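Let's take a walk through this one together. Have the sequence and the 3D view open, and we'll go from the whole down to the details and back out again.

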Amino acid sequence: MPKGISRRDFLRLSAAAGAGTVLSVYGSPLSGLPALAQDKVDLRFIWWGGQLRADITTQVIKMFQEKNPNVNFTYEFLSFEDYWTLLTAQAAGGGLPDIMQHGTTTLAEWSKKDLLHPLDEYIASGVIDFTNVPEVLQNHGKVNDKIYAVSAGSNANGFVIDLDAFEQAGIDVPPDTWTWGDFEEIVTGLSENLGIWGFGSYLHHVDLWRIIYSGHGTDLYATDGKSLAYTDDAPIVDHMEMVLRLQDALAIPHISEESEVNTLGPEAQFIVKGQCAMDYLAGSNQLVAMWTAAGEDRNFKIMPVPRPEGGRQGLAIRPSQYEAVTVNSENPEMAAMFLNFFINDVEANKILNAERGVPINTVVLDALKENAAAPQQAIYDYLARLAEDSAPFVFPDPLGVEDIRVNVYYPEFTDPVRYGAISPEEGAATLREMSNEILAEANQ
Amino acid sequence: MTSVLQKDAGKFSLAKKVVAQKGNKKWRHNNLMGYLFISPWLIGFFTLTLIPIAASLVLSFTKYDILSGDVEWTGLENFRRMFYDDPRYWRAVRATVKFAFISVPLKLLFALLVAELLYNARRLVGVYRAVYYAPSIVGGSIAVAVMWRQIFASKGLINEFMLDAGLERKLWLFDIKYAIWTLILMAVWQFGSPMLIFLAGLKQIPSEYYEAASIDGAGTVSKFTRITLPLLTPVIFFNLVMQLIFSFMTFTQAYVVSGGTGRPLDTTLFYSLYIYIRSFGVGANMGYGSAMAWVMLVVIATFTGVIFLSSRFWVFYDTAEN
């Protein structure tokens, strides 16, 4: 009890602290004030992503505002995990922004819980113009026969390889049909010849779970969504055993080493600074941010994820992310107009430049292909190769998939296995049992 | 702060008694004015503290999905799941208990040591006091936690020192052996507030005792163990209870340093962080979070109760003064 502080000082301090909290909760002190001009329309857009995405998205917002001067546009951007924490709280409080970004699993969940505004009326009235969008891509945002979002671009998971490192190591670039056996050999070879890691982070990424089973010809989730579709843990156990072999051989970073960069986005991945010769791409679109950070003088190529021996290609081409209008929007039509601008305007997309994935509008895509820079060229090339041999895109996923990712897959399976606390068999069994419980409960 | 408030509350009840005795209009008017002036605080207490606490008790028996807003009565299901079906819950308990049981004794020991040094210091006592107290003012803040994360990062300050000293760099925040120790160190570093209380306690010990002991030929050590420690037990008791409660509720530091995940391998998944993850994170279930919070309340109350019960065997009150 510091005697030096009088009661009045104490009150003054705590009042200041309280005011500070209020201000920080509401972001800027001015954001709560009503707009001065009567005819102004407010639009708020929140997305997740790194600095490059923030820069280009704000430019496009400014372009939209120039064409629609009556729109008062505000925006925020956050890292992926922070984004979902904030937006979940805003959903609970009924304070969602007009426009938000979604992934495939969340889109299903949020539209089923009536948090998103269906876009069908705006598509019918032409506010959102789908004339140049192939039907299969239009339907990527369809949940229960209603379209809840537009795809911001197409992508696929993949591995990025550093062509110069391969050349230096004297290792040939493998064919697209490479297997996990080839992969392990190449990673070991790269790391031995170059003295760097053969592969970077996230060789245990949650998306690989589905890709590996899909490579064996099995879906991940049962058609009724109440359980996993498999009962045999062997494919994922084999994979984690390979990860452990590589980790023990120091051919890939130890989990404690990669944890530090895994949440920081593509710009922070090890391949950017040449610490590894191959790295994981959570989406092919991330090559843009990654290559921009690494520098123009580098030479990258995207490879499909390897397939099992005698298996098939397990990758699907899917939306990298969606843009959706929420039920809390007071101006859903204006929000829909922005989405239309976002996917169809050629000038806007020259700035966005496939950073969120390959544009779904074919006219826009053709315009971009004319002057494509190296990263975009690599992505267009990759998706074209993949289009000839890829697994079907399964959508929507059952409810509870995000819960499994955050609360089971990493904390109960891959992390303890990679830290050596449990065996891959134990971990895989826990993963299957807990996932089945969550799916059964969430999809009654 | 607590005792300041309690003291004020005491004055208030005293004032009320006086009012009741006098009972005239002017006093009643003053009374009303009093309530009017504290009404912002009262309204805040009822709407922001008491109602949510009551609501969380009800919610702890439900499944409350904050995304859809659906509330479903599930009885004791949350508690069953917590104790029998949630391995992460027990890892959170383990991390919290380990943190509390190591950081609190270390912190108190350190606080007492520094208080003793300051008590004997002759010059610049005010400056030292401010310097040592500063960490406990800023220590719970996001900024300091961010700084801590940078200091212990793989290319942070500590690793630079390690390299300069010819040692290997360590991944302090991501190695399951070290991660929780960075948080324990941070807690111990915030020894300022128990230190001030110890200092006040030391000053209350009459100097005659020490003089008498000196005449009897007692050395520094025996003076400390025979006089200082026994007479300081009420203060130790108070500090122990307060710090134990604080350490069970630690959130910010673990949230920032572990990136909100409790990594590595849930070794820094403190109980309140896990409540937060379950209540606000993906698959958010506010009901489950509320149930966990109520279990924490009971556990903290139990620990406090045990310390109180044990106090009669080791806390010495110098009743002669009263």
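What follows is a tour of a predicted model, with most of the stops in chain A.

Start with the overall picture. Chain A has 18 helices and 13 strands. Its C-alpha atoms fill a box of roughly 70 × 65 × 50 Å along the principal axes. Is that what you'd expect from a compact globule? Let's see: for 444 residues, such a globule would have a radius of gyration near 22 Å, and chain A comes in at 23 Å, which agrees. Of those 444 residues, 45% count as buried. There's also a lot of long-range contact along the sequence: among contacts between residues at least 6 apart, 76% join residues at least 24 apart.

Next, the domains. Chain A is divided into domain 1, made of residues 41-154 plus 319-387, and domain 2, made of 158-315 plus 399-442. The centres of these two domains of chain A are 27 Å apart, taken over C-alpha atoms. Where they touch, domain 1 of chain A puts in 24 residues and domain 2 of chain A puts in 22. On the domain 1 side, the elements giving two or more residues are α4 (104-112) and α16 of chain A, and α16(A) gives the most, with 9 residues. That side is a mix of 9 nonpolar, 9 polar and 6 charged residues.

Now zoom in on a sheet. In chain A you'll find an open sheet of 4 strands, in the order β9-β10-β8-β11, with mixed pairing. β9 (197-199) and β11 of chain A stand at the edges with a single partner strand each, so one side of each is left without a neighbour in the sheet. From one strand to the next, the twist averages 30 degrees.

Both kinds of pairing are easy to find here. At one edge, β9(A) and β10(A) (residues 276-281) run parallel and are joined by 2 bridges; A:F199, for instance, has A:M278 in β10(A) as its bridge partner. Helix α8 (residues 180-194) of chain A packs on the sheet here, touching β9 and β10 of chain A, and its direction makes about 155 degrees with that of β9(A). Over β8 and β11 of chain A sits α16(A) (residues 374-387), which also packs on the sheet, at about 20 degrees to the direction of β11(A).

As for those two strands, β8(A) (residues 158-162) pairs with β11(A) in the antiparallel sense over 4 bridges. One bridge links A:F159 to A:M303 in β11(A). Which side chains of β11 (residues 300-303) of chain A are buried? They alternate: A:F300 and A:I302 point to one face and are buried, while A:K301 and A:M303 point to the other and are not.

Finally, step back out to chain B. This chain is divided into domain 1 (2-59) and domain 2 (80-321), and the centres of these two domains of chain B are 32 Å apart, taken over C-alpha atoms. Where the chains meet, 27 residues of chain A are in contact with 24 residues of chain B. The elements of chain A giving two or more residues to its side are α3 (80-93), α11 (255-262) and α17 (401-418). α17(A) gives the most, with 8 residues. In all, this side of chain A divides into 13 nonpolar, 6 polar and 8 charged residues.

Notes. Residues are numbered from 1 along each chain as its sequence is written. Chains are lettered from A and ligands numbered from 1 in the order in which they are written. This is a predicted model: local features need pLDDT of at least 70, side-chain atom pairs count only at pLDDT 80 or more; totals for chains, interfaces and linings use all residues. A residue is buried if 20 or more other C-beta atoms lie within 10 Å of its own, exposed if 12 or fewer, and partly exposed in between; C-beta atoms are placed from the backbone. Two strands pair if DSSP finds at least two bridges between them. The radius of gyration is taken over C-alpha atoms; the globule rule is 2.2 Å times the number of residues to the power 0.38. Two residues are in contact if their C-beta atoms, placed from the backbone, lie within 7 Å. Domain bounds come from an automatic or database domain assignment. Ala, Val, Leu, Ile, Met, Phe, Trp, Tyr, Cys and Pro count as nonpolar, Asp, Glu, Lys and Arg as charged, and the others, Gly among them, as polar. Axes are lines fitted to C-alpha atoms, for helices over the stretch in contact, and angles run from 0 to 180 degrees between N-to-C directions.
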